[in-house]
Amino acid sequence: MKRAGTLRLLSDLSNFSGAARLRELLAGDPAVRVRCSPDGRHLLLLRPPGSPAPQLLVAVRGPGAELESAWPPGQPSPLDAFLLPWPARSALVLVWESGLVEVWGSGVGPGWRLLQSTELCPGGGARVVAVAAPRGRLVWCEERQAGAESQLGPPAVAFSHCVCVRTLEPSGEAGTNLGSTHILLHHCPAFGLLTSRKDLFLVPTATTWPGLGHILLIWSPSKGKVVVAAPCLGLSHSKSLNPGRGDTWDFRTLLRGLPGLLSPRQPLTVHTWAPTPQGLMWLDFRGTVSLVQPHGGSRTVGTLQEAPASLAGSAALGTFHGTLACVLGSTLELLDMGSGQLLERKILSTDRVHLLEPPAPGMEDQEELETRGGLRLLSAMGLFQVGWKIPQSLELPSAEDMVFEEASKYYQRRSLRGAQLTPEELRQNSTFRAPQALASILQGHVSPSALLATLRAELRDYRGLEQLKAQLVAGDEEEAGWTELAEHEVARLLRTELMGDQLAQLNTIFQALPTAAWGAILRVLQLQPDGNGHLRSQAPPDVWKKVLGVTAAGKEPPNGILPPFELLCQCLCRLEPQWLPPFVELAQQQGGPGWGAGGPGLPLYRRALAVLGEEGTRPEALELDLLLGSGRPKAVLQAVGQLVQKEQWERALEAGLALSPSSPLLRSEIFKLLLAEFARHRRLDAHLPLLCRLCPPDLAPAELLLLLRTHLPDELEPPAPFPEPGAEPPLTVGLLRALLKQTGTQGRASGPVLSLYEDILWDPGTPPPTPPRVSALQASDHPGLEAWAPSGQGLYVTDTG
């Protein structure tokens, strides 16, 4: 159903102070410049120099006195004037062509009073040609005396201007603070200055050198960037320009570093400029309205049915609710900003019409809250609002009904049942709590303050994300912007059900921006090293459940799409492979039933090994670390077996010693494996103390000797007292002594002898005396010599003769 454009009367101007003078100036002078304060309470009217008195009028809506000023003939009048939204009071700034600045304030006494007067160009010899007052700043373009440059011809004179900036802030109850001067641009042409709520536009004027008439600049103080754009060429370049860091540019040097901007082009034929929230709009003499966005891109919005006849004709542009409003003389045309289609054309009763911006967000009073978002139109007959009227025959559903209707469509798409889900069922079924909670909020059951407190963090994140997307579209700090966007997106995806498109999107982010994605994982899981080579996490269990969860049966992901845990392991292998084993160990500690760590399915170390590739192609160091850190007996024994094959004896022993006493069987198996190697060769002798520590405390000496005998190499020949050169030395009792002592300490203190071999472990005390040597001749002379005593207590010689 077609909408109808309306003009709603907001005020007949009788509630403004000085209403009669206000109507007189609006009706009598078509060249009067009209500005509105950000809070909508003050109207500023400034007539051009040479106009009859009064040249300045500030009217106040509601209580308050107007300000009316006039300057006698021969005395210059202000070049421009601005209303500033200071918290404690309203402020008026007057700027003269000579550089004189006056700051006036209201609310500090009866009427208006002068707060400060200063000079923008204290050295003299300069002339202000344009001025603007963006938020908290005063920016002006001044023409400096060319001096010797005037002899170089028009091109040199064309670059005799500069653009400067000073901060302007309130100080105390009745003071102002005007900062020091900083030059933004040197040696630039004359620019006109236009400001929106966020950006400052530097546009060519009639006096700009023709070779530069197609170039304009967009300065964003909050971003510290300046965009140099040529709309007719479709070119734009961004450069850093932050006064806080001392940035400044020579305009000629700036252009020489930007290729393509100085291509021969005709100057822009502009009838009217208009800064809007979407960017800078301009109307040319063919009736075409174009838009330059803050990032430098430009497009045509639409074409009016009537084109301006000359510069003398009045025109004004504004936007509201995706609609372009253009007042050309006494005609009002409304165009759709998306398609450029003419929506409505109205004939007004006067051609003295001015478009005013709506009040700044957060500064509206109750009356403006009812008309928020509309465009205001000012004439001598009153203040009107341009808007759209909805036909009475069209019934709009309530917000509560819309919630349940949209929720029923959403749940129906996710449901597997064939029955249709209706809004009435959602109202009565307590299973679907989200739409009921939102409906209760819309019904007023939750106070606005409580709702704002609940949603403040989400709104802040959403606003930051939208600003970040706009920054990326503008091409500002692309690397940092993409990194931050990836972090936001990974954190968002981990709060969703990671299935299907969400899982595929997570894989895409990790493939395109692995560093940024892993940085987001660090924050979400709150991973921190503990200084001992391990990781710790303070993330809640539900987050770990998302990360460790396996794909549900029957919903295997497509080829190339990895589950979250495998995706993180793959990313770690690429970025920080040494942290993969500690991460898997930490993940094993977080597992719950059905999470993939302690539930059915492959254990986590096996899932991590699968990411490393097929067996035989994996990095050996990572595979060993994963096997040893798994805590699974088979995996640990496999790792120890690989270490034995590589003869990394110390690490194999340390792997067994690292096991807790709660795993005695696994320690015993590792000890038996290493004991077999100890019996076969002597390459473990240097690590005998570690082998003794690994020895099970309940192992008896007899069991130890039986284990050794099982693995001793077969002897084909009788043993020799000394090994042959180059042969492996045999196992000796001296090497066994430490092991046998380790096994025998458990039962020696009390009780009977535990083993037939146990007495060889203990020192018998003082050794027996050494017997005298007996020669063979003496032995033959004493046939009754008995060499061995039957008691076995020692060796001695006796003579029976």
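**Helix packing and loop residues in a predicted model**

User: Happy to start with a single residue: does Ser-290 count as buried or exposed at 8% relative accessibility?
Analyst: The model is a predicted one, and its Ser-290 has a relative accessibility of 8%. Buried means under 20% relative accessible area. Ser-290 at 8% therefore counts as buried.

User: Which strand holds Ser-290, and which residues is Ser-290 in contact with, leaving aside neighbours within four places in sequence?
Analyst: Ser-290 sits in strand β23, which covers residues 288-292. Once neighbours within four places in sequence are left aside, the contacts of Ser-290 are Leu-280, Met-281, Trp-282, Arg-299, Thr-300 and Val-301.

User: Now for the whole protein chain: how many helices and strands does it have, and what percentage of its 801 residues is buried?
Analyst: The protein chain contains 23 helices and 35 strands. Among its 801 residues, the buried ones make up 41%.

User: Let's turn to helix α11. What end-to-end distance should its 12 residues span, and how far apart are its end C-alpha atoms?
Analyst: Helix α11 covers residues 514-525. At 1.5 Å a residue, its 12 residues should span 16 Å. The end C-alpha atoms agree with that, as their separation is 16 Å.

User: Which residues of α11 are buried, and which residue just after α11 takes a positive phi?
Analyst: The buried residues of α11 are Pro-514, Ala-516, Ala-517, Trp-518, Gly-519, Ala-520, Ile-521 and Leu-525. Just after α11, a positive phi of about 55 degrees is taken by Gln-526.

User: How are α10 and α11 oriented to each other?
Analyst: Helix α10 (residues 501-512) packs with α11 at an angle of about 120 degrees, and their axes are 5 Å apart. Angles of 65 to 115 degrees count as roughly perpendicular and those over 145 as roughly antiparallel. The angle of about 120 degrees fits neither range, so the two helices, α10 and α11, are oblique.

User: Which residues make that contact of α10 and α11, and how many nonpolar, polar and charged residues does it have?
Analyst: From α10 come Ile-509, Phe-510, Gln-511 and Ala-512, and from α11 come Pro-514, Ala-517, Trp-518 and Ile-521. By class, the contact of α10 with α11 has 7 nonpolar, 1 polar and no charged residues.

User: What about α17 and α19: how are they oriented to each other, and what is the handedness of their crossing?
Analyst: The axes of α17 (residues 633-645) and α19 (residues 664-680) come within 10 Å and cross at roughly 20 degrees. Angles under 35 degrees count as roughly parallel, and α17 and α19 are therefore roughly parallel to each other. Their crossing is right-handed.

User: Which residues form that contact of α17 and α19, and how many are nonpolar, polar and charged?
Analyst: On the α17 side the contact is made by Pro-633, Val-636, Leu-637, Val-640, Gly-641 and Val-644. On the α19 side it is made by Leu-666, Glu-669, Ile-670, Leu-673, Leu-674 and Glu-677. By class, the contact of α17 with α19 has 9 nonpolar, 1 polar and 2 charged residues.

User: Glu-677 takes part in that contact; how far apart in space are His-711 and Glu-677, C-alpha to C-alpha?
Analyst: His-711 lies in helix α21 (residues 701-711). With residues up to four places away in sequence not counted, His-711 touches Ala-676, Ala-679 and Arg-680. His-711 and Glu-677 are 34 residues apart in sequence, and their C-alpha separation in space is 8.0 Å.

User: Two loop residues next. Is Leu-13 buried or exposed, and how does His-321 count?
Analyst: Leu-13, in the loop between β1 (4-11) and α1 (19-28), has a positive phi of about 75 degrees although it is not a glycine. His-321, in the loop between β25 (315-320) and β26 (323-328), also has a positive phi, near 50 degrees. The relative accessibility of Leu-13 is 0%, so Leu-13 counts as buried. At 57%, His-321 counts as exposed.

User: One more loop residue: what distance separates the C-alpha atoms of Ala-206 and Leu-268?
Analyst: Ala-206 is in the loop between β16 (200-204) and β17 (216-220). With a relative accessible area of 86%, Ala-206 is exposed. Ala-206 and Leu-268 are 62 residues apart in sequence, and their C-alpha separation in space is 9.9 Å.

Notes. Residues are numbered from 1 along each chain as its sequence is written. This is a predicted model: local features need pLDDT of at least 70, side-chain atom pairs count only at pLDDT 80 or more; totals for chains, interfaces and linings use all residues. Side-chain values use heavy atoms; hydrogens and water are left out. Helices (H or I, at least four residues) and strands (E, at least two) are DSSP runs, numbered from the N terminus. The expected span of a helix is 1.5 Å times one less than its number of residues. Buried means under 20% relative accessible area, exposed over 50%, partly exposed in between (1.4 Å probe, protein chains only). Axes are lines fitted to C-alpha atoms, for helices over the stretch in contact, and angles run from 0 to 180 degrees between N-to-C directions. A crossing is left-handed if the near helix is turned anticlockwise from the far one by less than a right angle, and right-handed if clockwise. Contact means heavy atoms within 4.5 Å. Ala, Val, Leu, Ile, Met, Phe, Trp, Tyr, Cys and Pro count as nonpolar, Asp, Glu, Lys and Arg as charged, and the others, Gly among them, as polar.
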